[in-house]
Amino acid sequence: MTPEKKRELATLLEEMRTESEEPSEDEPKGRPAGFIPEVCLKQFHKATCTPFIELVIFREIKTGVLQYLYQDRHDQWWNGFCAFGGMIRAGFPKTPTAIAQKILDREFKGLGIKLRTLQIVSFLNWPVHPWCNPLAIVSLVRVSGEIPTKDTDRQWFSVNGLPRKKTIANHADYLIQCEYFLRNGALTFTPEYPYGVPIINLR
């Protein structure tokens, strides 16, 4: 990259950070300052590591019986079952709970879902990913409020009930880590057990 192009890139990044995007054909509603233009998204993410918060929502339907809420997502980004969550963007709140609530407000818009507890279980770097280089912060979440599943893409699963072949990559491992965390306590990561859970390493 030439010095001129480097300076041009710095200028464009500064504009993206500070200037809102006017409505256009590819962004009919426009976007506030700080958002990466859709046309640049994949190239930007391939060149950077992006933090994502993964919200593994769980419930205990009776003593010792745990279920986790996943979505069956089919769009330009994903094709299969995955956890709820999203990118942690510039300008997001400071604390994990505030970030999680912001994501919940977006994922369950209008349902009044509120965060009760959040426990950070693990983090995973995705060296192979279809469109970016995410650092996934796996968070076990309990919420208050009723999340409807009938006639939606949402479904509750036990850790063994999740259809692994229809689940997106690491999202199946999130459930194994969260189940282990709930039943055994904090994960311990070692060279022998880099995922903190023996069962993952035995696959």
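Ala, Val, Leu, Ile, Met, Phe, Trp, Tyr, Cys and Pro count here as nonpolar, Asp, Glu, Lys and Arg as charged, and the others, Gly among them, as polar. The model is predicted: local features need pLDDT of at least 70, side-chain atom pairs count only at pLDDT 80 or more, and totals for chains, interfaces and linings use all residues. Residues are numbered from 1 along each chain as its sequence is written, and side-chain values use heavy atoms, with hydrogens and water left out.

**Exercise 1. Describe the lining of the largest pocket.**

Step 1. Fix the term. On a 1 Å grid over the protein atoms alone, a pocket is an open set of points where a 1.4 Å probe fits, with protein on both sides within 12 Å along at least five of seven lines; lining residues have an atom within 4 Å of a point.

Step 2. Take the volume. The largest pocket has about 690 Å³, where grid points are joined across faces, edges and corners and a volume is the space filled by probe spheres set on the points.

Step 3. Find the centre. The lining has 29 residues, and Gly85, Gly86, Met87, Arg89 and Arg106 are the closest to the pocket centre.

Step 4. Sort the lining. It holds 15 nonpolar, five polar and nine charged residues.

Step 5. Assign elements. Strands E1 (50-62), E2 (65-74) and E4 (84-87) and helices H3 (96-107) and H4 each supply at least two lining residues. Helices (H or I, at least four residues) and strands (E, at least two) are DSSP runs, numbered from the N terminus.

**Exercise 2. Check the length and burial of helix H4.**

Step 1. Compute the span. The expected value is 1.5 Å times one less than the number of residues. H4 covers residues 171-184, 14 residues, so it should span 20 Å. Its end C-alpha atoms are 20 Å apart, which agrees.

Step 2. Count the covered residues. In H4, 10 of the 14 residues are buried (under 20% relative accessible area; exposed is over 50%, partly exposed in between; 1.4 Å probe, protein chains only). Among them are His171, Tyr174, Cys178 and Phe181.

Step 3. Look past the end. Gly185, just after H4, takes a positive phi of about 95 degrees.

**Exercise 3. Which residues other than glycine have a positive phi, and are they buried or exposed?**

Step 1. Asp151 has a positive phi of about 60 degrees. The residue lies in the loop between strand E6 (134-144) and strand E7 (154-157). Asp151 is exposed, at 76% relative accessible area.

Step 2. Ala169 has a positive phi near 30 degrees. Its place is the loop between E7 and H4. Ala169 is exposed, at 55%.

**Exercise 4. Classify the pair Phe84 and Phe108, then find charges over rings.**

Step 1. Apply the ring test. Rings of Phe, Tyr and Trp (its six-membered ring) pair if their centres lie within 6.5 Å; planes under 30 degrees apart count as stacked, over 60 as edge-to-face and the rest as tilted.

Step 2. The whole structure has three aromatic pairs. Phe84 and Phe108 form a tilted one, 4.8 Å centre to centre with 50 degrees between the planes.

Step 3. Place the partners. Phe84 is in strand E4, and Phe108 is in the loop between H3 and strand E5 (114-125), 24 residues apart. Both are buried.

Step 4. Turn to charges. One sits over a ring if NZ of Lys or CZ of Arg is within 6 Å of the ring centre and within 35 degrees of the ring normal. Arg59 does so over Trp156, 4.1 Å from the ring centre. Lys102 does so over Phe92, at 5.3 Å.
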